[in-house]
Amino acid sequence: MQYEYAKEKYASLGVDTEEAMRQLSGIKISMHCWQGDDIKGFLFRDQELTGGIQATGNYPGAARTPAELRADMEEAFRMIPGKHKVNLHSTYADTDEKIDLNEIEPKHYAPWVEWAKEQGLGLDFNPTCFSHPKSESGFTLASADPAIRDFWVEHCKRSRRIGEYFGKELGQKAVTNIWIPDGFKDIPVDRLAPRVRLKEALDDILSEKLDPSANLDAVESKLFGIGSESYVVGSHEFYMGYAIKNHIAVCLDAGHFHPTEVISNKISSLLLFADEMLLHVSRPIRWDSDHVIVLDDELQEIAHEMVRNKLYERTHIGLDFFDASINRVAAWVIGMRNMEKALLKSFLEPTDTMKKMELEGDYTGRLAYMEEMKSMPWQAVWDEFCRRNNVPVGLQWLDEVRGYEAKVLSKRG
């Protein structure tokens with residue numbers, strides 16, 4: 001049997017494959033709801049996407065209702081080993097009430113909580129500070145208009161309470177992550193004033209003390225976006241300083257930095273000073289284009305950084321991409337399975353041995369081991385992990401997803 005061969009091969013290097021699978025089983029990845037409907041949500045279905053947000057492609061079968069979206073997620077989770085979380089944006093409320101974003105309450109998300117309980121899932125949350133008439137100026141929390149700013153402050157306050165509600169109801173901490181599109185297309189005169197306003201708005205939002213075991217606040221930076229090419233208020237330096245000072249989480253998004261930067265090299269530095277961290281794992285191509293993640297070098301380095309020093313214990317992993325050019329359920333499955341594969345490969349390293357070589361200056365041995373790991377039979381361990389979790393092995397999942405497309409997705413108008 002392939003697994004027995006792999007088990008013996010890894011054991012010769014001091015690696016316990018059973019322990020690697022056990023550790024992987026303990027990691028929850030937050031699957032983003034917005035891949036299923038191209039980030040349209042359900043509160044304002046006809047509102048055009050703004051704030052630098054766009055999904056390209058017109059593949060048939062996008063979810064049109066909360067029920068359809070949950071059904072699609074259930075189909076995806078049937079192909080994904082382990083129990084995980086779902087990441088919701090505030091516009092995905094499941095309610096017949098006509099409400100605006102400054103009126104959202106936990107009751108508007110109760111169907112999601114009941115579903116999560118049935119499925120054994122956790123929930124995370126995000127205020128939606130884009131694609132709204134009150135974000136058309138390009139500014140929300142940093143707006144110079146007090147009325148606009150107050151609207152978004154209230155929205156974020158309510159979002160935090162919903163995150164806490166999720167955490168208490170489901171018995172696992174929810175991450176409530178704030179990202180805003182605020183910035184200028186061209187070079188500003190005053191870079192400071194918008195950041196002062198943003199700091200004051202965040203201080204107001206966080207002034208209500210919530211249960212830290214139920215809700216973790218996070219803030220997410222960006223280098224630039226469509227309409228904010230020259231200046232983004234919420235820069236990496238701004239949020240890094242704010243988060244560390246206020247003991248909340250920093251969110252690193254793989255697509256929110258310069259094309260020559262990677263987030264893997266930032267993880268160990270930030271977690272020296274921040275208590276917890278949120279990752280939004282996507283695959284940028286030329287810019288923040290949010291492609292489905294593949295098992296490339298950067299994804300593997302992200303996993304290595306989390307596993308080699310057990311930083312996964314303080315890191316919350318969420319996926320963030322929305323590709324409307326392919327089957328949306330397949331996009332979830334490919335992305336989630338690739339994240340797990342990268343983590344498994346990291347858990348299958350003889351980390352202590354390689355660290356010892358590095359400490360002793362044996363860089364020849366270090367390089368030899370790191371390269372050998374690339375051709376070790378990790379796939380056999382992955383297949384075994386899938387079998388034990390009763391999900392399809394190899395490409396068997398693709399036939400099931402195509403069957404679901406034929407029976408369900410292709411019939412949607």
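A residue counts as buried when its relative accessible area is under 20%. Keep that cut-off at hand for this tour of a predicted model.

**Stop one: F347 and its partner.** Select F347 to begin. Its relative accessibility is 7%, so F347 counts as buried. Now add Y312, which at 17% relative accessibility also falls under the cut-off and is therefore buried. Display both rings: the centres of Y312 and F347 are 5.4 Å apart and the planes meet at 75°, so this is an edge-to-face pair. Y312 sits in the loop between α9 (297-308) and β12 (315-319), while F347 belongs to helix α10, so the pair ties together parts that are 35 residues apart in sequence.

**Stop two: helix α10.** Extend the selection to residues 328-347, which make up α10. How many of its 20 residues are buried? The count is 17, so the helix is mostly covered. For a quick check of its geometry, take 1.5 Å a residue: the 20 residues should span 28 Å, and the end C-alpha atoms lie 29 Å apart, which agrees. Then go to the start of α10, where a side-chain oxygen of N327 comes to within 2.9 Å of the backbone nitrogen of V329.

**Stop three: more rings.** Across the structure there are 14 aromatic pairs. One of them joins F151 and W152, edge-to-face, at 5.0 Å centre to centre with 90° between the planes. Are these two residues buried or exposed? F151 has 7% relative accessibility and so counts as buried; W152, with a relative accessible area of 0%, is buried as well. While F151 is still selected, bring in K134, which lies over the face of the F151 ring at 5.1 Å from the ring centre.

For another charge over a ring, pick R70 and W112: the charged end of R70 sits over the W112 ring, 4.8 Å from its centre. Next, select Y109, F125, Y165 and F166 together, and you will have one aromatic cluster on screen.

**Last stop: S289.** Finish in strand β11 (residues 287-291), where S289 is found. Which backbone nitrogen does the side chain of S289 reach? Look to I285, at 2.8 Å. The side chain of S289 also makes a polar contact of 3.0 Å with the side chain of H291. To complete the view, show R283 and P284, which are in contact with S289 when its neighbours within four places in sequence are left aside.

Note on methods. Residues numbered from 1 in each chain as written. Predicted model: local features only at pLDDT ≥ 70, side-chain atom pairs only at ≥ 80, totals over all residues. Heavy atoms only, no water. Helix = DSSP H or I, 4+ residues; strand = E, 2+ residues; numbered from the N terminus. Expected span 1.5 Å × (residues − 1). Buried < 20%, exposed > 50% of the residue type's maximum accessible area, 1.4 Å probe, protein only. Polar contact = N/O pair within 3.5 Å; in protein donor to acceptor, adjacent residues only side chain to side chain. Phe/Tyr/Trp six-rings, centres within 6.5 Å; stacked < 30°, edge-to-face > 60°. Lys NZ or Arg CZ within 6 Å of the ring centre and 35° of its normal. Contact = heavy atoms within 4.5 Å.
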